[in-house]
Amino acid sequence: MALRADWLPALAAFEAAARHQNFAHAAEELHLTASAVSHHVRKLESRLGVSLFQRHARGVALTPQGRQLADSAGTALADMDGVLRSLRVSRQETDRVRITTLHSLAYTWLLPRLSEFTNTNPKILLSLDTEIALARFDEGGPDLGIRHGGGHWPGLTSHHLMDDALFPVASPTMPGIERITEPAQIADLPLIADHARQGWHDWFRAADVHGRKLEERYTFSDTTDAMMAAAHGIGVALAREQIAVPYLRSGQLVRLPGPSMPARWGYYAIYPAHRRLRPAAQSFLDWLLAVKKD
């Protein structure tokens with residue numbers, strides 16, 4: 001059976017649906033509707049005379065024949081994507097790595113280390129995006145992301161970089177801070193919060209402080225702003241260890257009494273599972289994995 005050009009849209013829709021195991025997620029990636037993806041898959045099944053998916057109330061699952069085609073289609077499309085990208089971009093853009101990450105991590109962890117990479121890779125150009133919104137890894141988007149989370153994102157390959165922990169910090173010049181000798185006293189201070197998924201209630205529980213009314217007087221959307229507010233003596237912040245290090249070293253902040261609570265989430269380097277990293281991006285990922293424990 002000859003492969004004609006009019007098969008390609010159906011194969012692309014099938015490959016995305018097989019990778020996500022979900023028609024709606026495939027449709028979002030391809031900028032189609034779920035019904036359009038389903039139509040492409042049924043058209044392909046009709047032409048081949050086999051069922052590629054088992055459909056049930058909770059979603060879809062590949063049949064043995066579907067798995068065989070998915071493996072082949074995924075490899076072929078990834079290879080084609082690599083060739084097309086290399087033909088479409090200039091040599092300079094081939095050597096540019098686009099990275100998306102959190103502003104707080106870029107400011108306190110990535111930038112202080114970045115000269116280690118640039119000194120040994122002077123020909124690789126870097127573009128950093130620190131927008132709060134999660135970036136889409138579509139054409140023209142980032143090559144790599146550094147994200148805080150559980151390590152599992154649909155359609156993405158993730159590499160663990162480091163774990164984290166939380167503990168309270170404040171400016172050493174904050175009035176009354178020298179009298180704080182136990183965790184329960186921190187509840188009486190102005191508390192600074194950010195939009196992290198673990199917060200003061202979790203920490204006080206870990207510190208065995210119960211029955212206290214907690215007032216988060218100041219809330220910031222960005223962790224860097226919360227840390228700077230604490231450094232200016234506005235209140236006490238619940239710091240993530242990886243973010244707090246430069247503030248503690250400089251003396252802008254000091255750690256207060258109480259436990260270091262393990263964070264439920266860590267930091268991961270991520271990129272699309274279906275896309276082979278270009279050499280420059282692979283070099284940056286290799287560097288990240290090498291420095292993650294320093």
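Where is S171 found? Select S171 to begin, and the viewer will show a residue in the loop between β7 and α7 (183-186), the helices (H or I, at least four residues) and strands (E, at least two) being DSSP runs numbered from the N terminus. The model is predicted, so that local features need pLDDT of at least 70 and side-chain atom pairs count only at pLDDT 80 or more, while totals for chains, interfaces and linings use all residues. Residues are numbered from 1 along each chain as its sequence is written, and side-chain values use heavy atoms, with hydrogens and water left out.

With S171 still selected, note that this residue counts as buried because its relative accessibility is 3%; buried means under 20% relative accessible area, exposed over 50%, and partly exposed in between, with a 1.4 Å probe and protein chains only. Leaving aside residues up to four places away in sequence, S171 touches I177, A230, A231, G233, Q252 and L253, where contact means heavy atoms within 4.5 Å. Add G235 to the selection: its C-alpha is 8.1 Å from that of S171, although the two are 64 residues apart in sequence.

Next, select helix α10 (residues 241-250), which holds R249. R249 counts as exposed because its relative accessibility is 72%, whereas the buried residues of α10 are Q242, I243, A244 and Y247. To see what covers those buried residues, display elements including α6, β6 (156-162), β7 (165-170), α9 (223-231), β10 (236-240) and β13. A distance drawn from the C-alpha of R249 to that of T130, 119 residues away along the chain, should read 24 Å. After α10 comes G251, with a positive phi near 85°.

From the cover of α10, move to strand β13 (residues 266-272), where I270 has its place. I270 counts as buried, because its relative accessibility is 4%, and its C-alpha is separated by 18 Å from that of L111, 159 residues away along the chain.

Now select helix α6 (residues 103-120), whose 18 residues reach 24 Å from the first C-alpha to the last, close to the 26 Å expected at 1.5 Å a residue; the expected span is 1.5 Å times one less than the number of residues. Look along this helix for a kink of about 55° at L110, shortly before the proline P112, the bend being the angle between axes fitted to the seven residues ending there and the seven starting there. L110 is also one of the buried residues of α6, which include W109, R113 and F117.

For a helix pair, select α2 (residues 23-30) and α3 (residues 34-48), whose axes come within 8 Å and cross at roughly 105°. The two helices are therefore roughly perpendicular, a term for angles of 65 to 115 degrees. The contact is made by F23, A24, A26 and A27 of α2 with A34, V37, S38 and V41 of α3.

Finish with two loop residues. H31, in the loop between α2 and α3, has a phi near 60°, a positive value in a residue other than glycine, and H31 is exposed, with a relative accessible area of 60%. D208, in the loop between α8 (200-206) and β9 (216-219), is likewise a residue other than glycine with a positive phi, here near 65°, and D208 is exposed, with a relative accessible area of 60%.

Terms used:
Axes are lines fitted to C-alpha atoms, for helices over the stretch in contact, and angles run from 0 to 180 degrees between N-to-C directions. Angles under 35 degrees count as roughly parallel, over 145 as roughly antiparallel, 65 to 115 as roughly perpendicular and the rest as oblique.
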